[in-house]
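User: I am learning how labels such as "exposed" are given to residues. Could you take me through some of them?

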Amino acid sequence: MKDVKDILGEAQEKMDMAVMYLDDALAHIRAGKADVRLLDGIRVDSYGSMVPINNVAAVTTPDARSIAIKPWDKNMFRVIEKAIIDSSLGIMPENNGEIIRIGIPPLTEERRKQLAKQCKGEGETAKVSVRNARRDAIDQLKKAVKEGLAEDAQKGGEEKLQKVHDKYIKQIDEMLAAKEKEIMTV
């Protein structure tokens, strides 16, 4: 039989994972500012295997509006450039033979609204995960009562679980508000 502490610990771990997922998802949404994590999903062919760009080049953000990619191998210029063009990033890279530069254009008002909507969708997914973790924990608590756990311990566990749930939902709302503000700021 699991005790209340174990059940709450598992639920909190699942909620942590949901928040980490959201943080990662929001990082990949372009907010008009340069971020090297925008390139995380782009893979290039390096000696027969598909690897992330940061495995074959130094990726930096020299300013808020551009990303600089300096390949370690001169043969990788064309491959990296083609991978960026073929990606869903929607930005044309500039290659001067020394460095590949990606200029991040300012977002249109319509695109900002689309991105804000996308962020809300990701946030809702994270909230659903947090709620599911709470529901699973409550089910486990009810099952533990049938196996001999005191009902007072179950009620106390559910109250603690609700407080943890509320904390994570608030954290998700704050993350979404910060990202939306970042997107909507011109």
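Analyst: Please keep in mind that this is a predicted model. A good place to start is helix α3 (residues 109-146), which gives the most to the positive patch, with three residues. The patch itself is formed by Lys142, Lys143, Lys146 and Lys155, and Lys155 is found in helix α4 (residues 151-184).

User: Why is Lys155 called partly exposed?

Analyst: The relative accessibility of Lys155 is 47%, and partly exposed covers the values between under 20%, which is buried, and over 50%, which is exposed. Lys155 therefore counts as partly exposed.

User: What makes Tyr47 count as exposed?

Analyst: Tyr47 lies in the loop between β1 (43-46) and β2 (49-52), and because its relative accessibility is 75%, set against the cut-off of over 50%, Tyr47 counts as exposed.

User: What is phi of Tyr47 near?

Analyst: Phi of Tyr47 is near 50 degrees, which is a positive value in a residue other than glycine. Most residues other than glycine have a negative phi. Just after α3, Gly148 also takes a positive phi, of about 120 degrees.

User: How do you know that Ser88 is exposed?

Analyst: Ser88, found in the loop between α2 (76-86) and β5 (94-95), has a relative accessibility of 80%; exposed means over 50%, so Ser88 counts as exposed.

Technical notes: Residues numbered from 1 in each chain as written. Predicted model: local features only at pLDDT ≥ 70, side-chain atom pairs only at ≥ 80, totals over all residues. Heavy atoms only, no water. Patch = residues over 30% accessible without salt bridge, like charges linked within 9 Å, V, L, I, M, F, W, Y side chains within 5 Å. Areas by Shrake-Rupley, 256 points an atom, 1.4 Å probe, with all protein chains shown as cover. Salt bridge = Lys/Arg side-chain N within 4 Å of Asp/Glu carboxyl O. Lys, Arg positive; Asp, Glu negative; His and termini not counted. Charge placed at Lys NZ, Arg CZ, Asp CG, Glu CD. Helix = DSSP H or I, 4+ residues; strand = E, 2+ residues; numbered from the N terminus. Buried < 20%, exposed > 50% of the residue type's maximum accessible area, 1.4 Å probe, protein only.
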